[in-house]
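Student: I'd like a close look at one part of this protein, please. Could you take me through the main sheet, strand by strand, and then out to whatever surrounds it?

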Amino acid sequence: MKLTLFLTCTILLTFSLHARENERYRIPLIGEKAPSFTGLSTEGTIHFPDDYFGHWKILFSHPADFTPVCSTEILELAEIQDDFSKLDTKLVVMSTDGLNSHIEWVRSLQGIKRYDRESITIEFPLVSDPDLEISKKYGMLHPTYSTTRDVRGVFIIDPEDKICATFFYPASTGRNMEEIKRVLIALQTSAKRNVLTPANWQPGDDVLIDSPESIEAAEKLAAKNNPDLYSLEWYLWFKKSK
Ligand code: BEZ
């Protein structure tokens, strides 16, 4: 009897420890609060997302410093860092490499001239995560790739620290920084104007509004002759941007 009780308790405890460990690897979902962390970065200690409350934020992870794809990503991000700044958006990059590695890599990247550009100063922090704590909190370790190196993760986070969009790319594929900027602008447009953005939307294009609830509701909307709106079907209404 005592042995059965002991075995049952041991099995339950093992399951609960596993569940808790798995929870630590979970990817935070859209709508959830961005997990908090404190990390050492190339610009000092960072408390994320608290230090940036009230601003939009984008958290990027990458597999490893001094690697080719990652290097081009950091250079391309730096190339449009002023655009993100104008969009009131703070950029934070992290990987499981140590701080000294980050500092040396940034120094090296700042000497590179890609295409026929001038070399560029990297104005966003690179956070080190050698204990894998941040990587686990943000589900950036995908164990079939690596248990110690992050995949390419992107989290777009709103001024209230709510996760608005997430992307994951494999190590082999460099991200398109213009596409990340486009998604950010789409999210900001939706938040500001209470509208939706259609497929392939680009800033300045017409946007969408929620579908009327029925054909009758659509007919009533059409009868208002609002010059800013037009429809292609009763459930498909655009709002002019210009
Ligand atoms: C890269 O950034 O080039 C890279 C990083 C990790 C694995 C493969 C490629």
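Tutor: Let's start in the middle: β3 and β4 run parallel and are joined by six bridges. This is a predicted model, so please read everything below as a description of that prediction. Within this pair, leucine 59 stands opposite valine 92 in β4. Strand β4 covers residues 89–95, and six of its seven residues are buried.

Now step across to the other partner of β3. Strand β3 (residues 56–61) pairs with strand β6 (residues 152–157) in the antiparallel sense, over four bridges. Leucine 59 turns up again here, opposite phenylalanine 155 in β6. That makes leucine 59 a handy landmark: look for valine 92 in β4 across from it, and for phenylalanine 155 in β6.

Going back to β4, its pairing with β5 is parallel and runs over three bridges. Here valine 93 has leucine 126 of β5 as its bridge partner. Valine 92 faces leucine 59, while valine 93 is matched with leucine 126 in β5. As a reminder for viewing any such strand, side chains in a regular strand alternate between the two faces of the sheet.

With those pairs in hand, the whole sheet can be laid out. It is an open sheet of seven strands in the order β2-β1-β5-β4-β3-β6-β7, and the pairing is mixed. β2 (44–48) and β7 (163–169) are the edge strands, each pairing on one side only. On average, neighbouring strands of this sheet are turned by 30° against each other, with direction ignored.

Just beyond one edge there is a backbone detail to check. Phenylalanine 48 and proline 49 are joined by a cis peptide bond, with omega at about 0°. Proline 49 belongs to the loop between β2 and β3. For context, most peptide bonds are trans, and most residues other than glycine have a negative phi.

The helix to look at next is α4 (residues 99–109). Its residues His102, Trp105, Val106 and Leu109 are buried. They lie on the same side of α4, because they cover an arc of only 100° around the axis. Asn100, Arg107 and Ser108, on the other side of α4, are exposed.

Follow the chain into the loop between α4 and β5 (126–128) and you reach tyrosine 115. Its phi is positive, near 50°, in a residue other than glycine. Tyrosine 115 counts as exposed because it has 6 C-beta neighbours inside 10 Å.

A ligand is also present, so it is worth selecting the residues around it: Pro63, Ala64, Thr67, Pro68, Val69, Cys70 and Ala171. This shell divides into six nonpolar residues, one polar and no charged.

Widening the view, the protein chain is divided into domain 1 (28–175) and domain 2 (194–242). The C-alpha centres of the two domains lie 36 Å apart. For a residue-level distance, take leucine 196 and threonine 67: these residues are 129 apart along the chain, and their C-alpha atoms are separated by 38 Å. Threonine 67 is one of the residues around the ligand, whereas leucine 196 sits in the loop between α6 (177–193) and β8. Leucine 196 is partly exposed, as it has 17 other C-beta atoms within 10 Å.

The loop between α6 and β8 also holds asparagine 194. Although it is not a glycine, asparagine 194 has a positive phi of about 55°. With 11 C-beta neighbours inside 10 Å, asparagine 194 counts as exposed.

Finally, there is another sheet to compare with the one you asked about. This open sheet has three strands in the order β8-β10-β9, with antiparallel pairing. Its edge strands are β8 (207–209) and β9, each of which pairs on one side only. The twist from one strand to the next averages 40°. β8 pairs with β10 over three bridges, and valine 207 has lysine 239 in β10 as its bridge partner. On the other side of the pairing, β9 (residues 229–233) and β10 (residues 236–239) are antiparallel over four bridges, with serine 231 opposite tryptophan 237. Two residues separate β9 and β10, which form a hairpin.

Methods
Residues are numbered from 1 along each chain as its sequence is written. This is a predicted model: local features need pLDDT of at least 70, side-chain atom pairs count only at pLDDT 80 or more; totals for chains, interfaces and linings use all residues. A residue is near a molecule or strand if its C-beta atom, placed from the backbone, lies within 6 Å of it. Ala, Val, Leu, Ile, Met, Phe, Trp, Tyr, Cys and Pro count as nonpolar, Asp, Glu, Lys and Arg as charged, and the others, Gly among them, as polar. Two strands pair if DSSP finds at least two bridges between them. Axes are lines fitted to C-alpha atoms, for helices over the stretch in contact, and angles run from 0 to 180 degrees between N-to-C directions. Domain bounds come from an automatic or database domain assignment. A residue is buried if 20 or more other C-beta atoms lie within 10 Å of its own, exposed if 12 or fewer, and partly exposed in between; C-beta atoms are placed from the backbone. The arc is that of the directions from the helix axis to the C-beta atoms.
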